[in-house]
Amino acid sequence: MTLGPLPETDLTRHRRLREQGSLDRADLEAILDAGFVCHLGVVVDGRPLVVPTVYGRDERQLYVHGSVASRSLAGGIPVCVTVTHIDGLVLARSVFEHGVNYRSAMIHGEARKVTDPEEKLEGLRLLTEHAAPGQWSYARQPSRKELAATTLLALSLEEASVKIRTGAPDDGDGPDAELGLWAGTLPLTSAWGAPEPDPALPSEILIPGHIARREGTRHG
Ligand SMILES: Cc1cc2nc3c(=O)[nH]c(=O)nc-3n(C[C@H](O)[C@H](O)[C@H](O)COP(=O)(O)OP(=O)(O)OC[C@H]3O[C@@H](n4cnc5c(N)ncnc54)[C@H](O)[C@@H]3O)c2cc1C
């Protein structure tokens, strides 16, 4: 069963800059699919910890993984995950109106530690394929020992919010427009570069197609 529109709950309801919010789940999915690094926010020993980490997803859940020793991956505690893409700087006439064009998502919930071996393997596959499509079947699969050393958390995508800012500065029709200053946006894009073979690689091993194909494609 697919999830419906993004819910407006006490946690997800935008209070400021509400016009930048979207309840369209397709916007959430597009933001998640455009990136592969999130920030996992969790309270550990009474202090907030915000950990950058890679993720994968299916229609209903986001997966993050790490070492079994990781304190941020305890599971069963409230977490807040964000994913952010920067599309440019918004350079206004006044410093106050400066801003950023962006797409961002925030997911609230209680992360669940995945213990079922089949789900764990599938979650790790989704995570690997999300960052590097084609690598799961190309690279060696995790051993039993490696799996045991890895924690996988699943977080429902149910309670999530999206915020998107696009376009020009907001002071084009205000008194500051008379100042005669340049204003506009400075777009920012990021793209994959040329693959750089490991110096330890024998020269007869060629770059696989699924890696070579990404050169020059956009990220974010
Ligand atoms: C790259 C970037 C730079 C930013 N710079 C600034 C800045 O300098 N100053 C500033 O005031 N704001 C900035 N923002 C916007 C900022 O993220 C918040 O949306 C805004 O500050 C409102 O915060 P709040 O605590 O009042 O949120 P509230 O409106 O109280 O948040 C309520 C709920 O709305 C949702 N929500 C809030 N913000 C976001 C978001 N960004 N993405 C998805 N869901 C969200 C969450 O579910 C949250 O729990 C920036 C955003 C991005 C992505």
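How far is the sulfur of C80 from the closest cysteine sulfur, and in which residue does that partner lie? In this predicted model, the closest cysteine sulfur to that of C80 belongs to C38, at 10 Å, which is too far for a bond. Seen from the other side, the sulfur of C38 has C80 as its closest cysteine partner, again at 10 Å and again too far for a bond. A disulfide is a covalent bond between the sulfur atoms of two cysteines. Because the rule asks for a pair of cysteine sulfur atoms within 2.5 Å, the count comes to 0 disulfides. The surroundings of the two cysteines can be described as well: C38 counts as buried because its relative accessibility is 0%, whereas C80, with a relative accessible area of 25%, is partly exposed.

Turning to the overall picture, the protein has 220 residues, of which 34% count as buried. Its secondary structure consists of 5 helices and 12 strands. Taken along the principal axes, the box filled by the C-alpha atoms is roughly 65 × 50 × 35 Å. Among contacts with a separation of 6 or more, 73% are between residues 24 or more positions apart. The accessible surface comes to about 13300 Å², and carbon and sulfur atoms contribute 57% of this area.

Helix α1 spans residues 25-34, and its buried residues are R25, L28, I31, L32 and A34. At the start of this helix, a side-chain oxygen of D24 comes to within 3.0 Å of the backbone nitrogen of A26.

A further arginine, R165, sits in strand β9, which covers residues 160-165. R165 counts as buried because its relative accessibility is 10%, under the 20% cut-off. Its side chain is joined to that of D170 by a polar contact of 3.3 Å. With neighbours within four places in sequence left aside, R165 is in contact with Q20, V90, V100, N101, Y102 and D170.

One of these contact partners, V100, also belongs to a nonpolar patch on the surface, together with I86, L89, L186 and L188. The accessible area of the patch residues together is about 420 Å². L89, a member of this patch, is placed in strand β5, which runs over residues 78-91. With a relative accessible area of 42%, L89 is partly exposed. V100 thus appears in both settings, as a contact of the buried R165 and as part of the nonpolar surface patch.

Technical notes
Residues are numbered from 1 along each chain as its sequence is written. This is a predicted model: local features need pLDDT of at least 70, side-chain atom pairs count only at pLDDT 80 or more; totals for chains, interfaces and linings use all residues. Side-chain values use heavy atoms; hydrogens and water are left out. Helices (H or I, at least four residues) and strands (E, at least two) are DSSP runs, numbered from the N terminus. Buried means under 20% relative accessible area, exposed over 50%, partly exposed in between (1.4 Å probe, protein chains only). A polar contact is a pair of N or O atoms within 3.5 Å; within protein, one must be able to donate a hydrogen and the other to accept it, and residues adjacent in sequence count only if both atoms are side-chain atoms. Contact means heavy atoms within 4.5 Å. Patches are made of residues with over 30% relative accessible area and no salt bridge: like charges are joined within 9 Å, nonpolar side chains (Val, Leu, Ile, Met, Phe, Trp, Tyr) within 5 Å. Accessible areas come from the Shrake-Rupley method with a 1.4 Å probe; for residues, only the protein chains shown count as cover. A salt bridge is a side-chain nitrogen of Lys or Arg within 4 Å of a carboxyl oxygen of Asp or Glu.
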